[in-house]
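Hi everyone, thanks for coming. Please have the sequence and the 3D view open while I talk.

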Amino acid sequence: MSKVGIFGAGWVGLVTGSCFAELGHEVVIRDVVPEKIEALRKGDVPFHEQQVPELLQRNAERLTFTLDVNDVADCELLFICVDTPPTYSGDADLSRVWTVIDELPNLKGRPILVMKSTVPVGTGEKVRHGLDSRGLGHVGYASNPEFLAEGRAVEDFMNPDRVVVGAFEEADGDAVAALYSGLEAPIVRCDVNSAEMIKLAANAFLMTRISFINEIANVCEATGADVVKVAAGIGLDRRLGPHFLNAGIGYGGSCFPKDSLALKQLASNSGYHFQLLSAVIEVNELQKRRVIQKLKKHLGPLRGKSVALLGLAFKPNTDDMREAPSIVLASRLLAEGAEVRGWDPVADGRALPRGVEIATSVLDAVRGADAAVIVTEWAELKTLARDEIRDAMANALIIDGRNLLDPAAAREAGFEYEGIGRPAALVAEPSV
Ligand code: UDX
């Protein structure tokens, strides 16, 4: 078993640290924010992520939280798990990565610095150079990107489709790969640049699938086809697969929007115009706004109309509001003069623009509303099309931004219903 240091007690750092501890490694998690470290020592996790509190508790004896960088000095592997937010130019901001490197304690032997944060291709080479020029030539370097999806991060870590390890030295890659030996997963070994690109390309491909199916949905609406059936029919083709073909109101979150911009800028900084990715980003922006058109189609001008936004987090099972479509929708609705009420079982909605009222229950959110929009497919909303809700609304209109409900059942229950990419009125589902 190894001693692992983690720089950054954010979402990636805590998931990674708690999972390595679960695999039997000794883990030291270091952050620069005293309140964060204090809270973690008391067992408080600063975000909503299934299984993380349990893992931290169960492996408490193998986990240390610290502000002192010297506490990681004897770690064999040092993971960088800091934020790489976009800058004004859309490039990734690597200042926190460089701060970690500047603050490295006096390291003996051959510790290996491992990059988990998502970084532009070429970062590893720059860091390698930076280490060498600081007299840290004895510190190894590897890229080991994360592919964790929020809400299922622990499961993703423990049952990965693959583990990617890029290194300059074979032995450094071996040491990183050995950390995962308790898991059954193919390990992709490659050079550092390729490891960095795998992460960016995987995300870009997933986003491409989403924007693709969203455009198919829009054409379905124009032509009378049903995107849910179309996606099922596409997904059974083994060359295509069923994942990431749910049409909706676009992707959000902490990764996709940021990483797509970073890849686009990375390409353009190198003189290449990544046309397909630019289109993927634009389609996603337009997709969020289509809900407004749908509301207008049913309600006319939105001034003075009351709209309930159901689900505020960018996806279910997380409280993360970063780049959530709910923020764009709320802003657009307020700009149109609508009254906006929001509800979410976990997210507090603080990221929403001022003027949005936050309701504590779905029923409160829809009371007197002219329309209810399913923004996030929380399980709690599967039963939205029920009498109590219909009777509470001023106008029983549901715009289902995630195709969560059965259209026929919703209409049967007395709602006007519109999903994404679904025919205006469906006959009962034929039994196959
Ligand atoms: C994603 C990647 O999945 C993960 O590998 C990477 O490390 C970080 O980014 P995450 O952002 O947590 O993870 O969520 P994910 O479940 O991938 O969903 C991203 C967005 O795409 C969400 O807004 C979701 O609603 C949307 N989405 C996803 C769709 O609109 N349709 C789909 O079919 C799938």
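I'll go through two sheets and the ligand site.

A word on the source: this is a predicted model, where local features need pLDDT of at least 70, side-chain atom pairs count only at pLDDT 80 or more, and totals for chains, interfaces and linings use all residues. Residues are numbered from 1 along each chain as its sequence is written, and side-chain values use heavy atoms, with hydrogens and water left out.

Let's start with a bit of background. Strands of a sheet pair through backbone hydrogen bonds, either parallel or antiparallel. Here helices (H or I, at least four residues) and strands (E, at least two) are DSSP runs, numbered from the N terminus, and two strands pair if DSSP finds at least two bridges between them.

Now the first sheet. Its eight strands form an open sheet with mixed pairing, in the order β3-β2-β1-β4-β5-β6-β7-β8. Which strands stand at the edges? They are β3 (63–66) and β8 (187–190); each has a single partner strand, so one side of each is left without a neighbour in the sheet. On average, neighbouring strands of this sheet are turned by 25° against each other, direction ignored. For angles, axes are lines fitted to C-alpha atoms, for helices over the stretch in contact, and the values run from 0 to 180 degrees between N-to-C directions.

Zoom in on β4 (residues 77–80) and β5 (residues 112–115), which pair in the parallel sense over four bridges. There, Leu-78 stands opposite Leu-113 in β5. Helix α2 (residues 34–41) packs on this sheet and touches β2 (26–30) and β3, where contact means heavy atoms within 4.5 Å. The direction of α2 makes about 155° with that of β3. Helix α5 (residues 123–133) packs on the sheet too, touching β5 and β6 (140–143).

Next, the ligand. How many residues surround the ligand? There are 18, and the closest are Glu-150, Lys-199, Asn-246, Gly-252 and Lys-315; a residue is near if one of its heavy atoms lies within 4 Å. Helix α8 (residues 192–223) gives the most to this shell, with three residues. For polar contacts with the ligand, we look for a pair of N or O atoms within 3.5 Å. A backbone N or O atom of Gly-252 lies 3.0 Å from a ligand oxygen atom, and a polar backbone atom of Leu-148 is 3.2 Å from an oxygen atom of the ligand.

Finally, the other sheet. Six strands form an open sheet with parallel pairing, in the order β11-β10-β9-β12-β13-β14. Its edge strands, β11 (357–358) and β14 (416–418), each pair on one side only. Two bridges join β10 (residues 339–343) to β11, and the bridge partner of Arg-341 in β11 is Glu-357.

Terms used:
A polar contact is a pair of N or O atoms within 3.5 Å; within protein, one must be able to donate a hydrogen and the other to accept it, and residues adjacent in sequence count only if both atoms are side-chain atoms.
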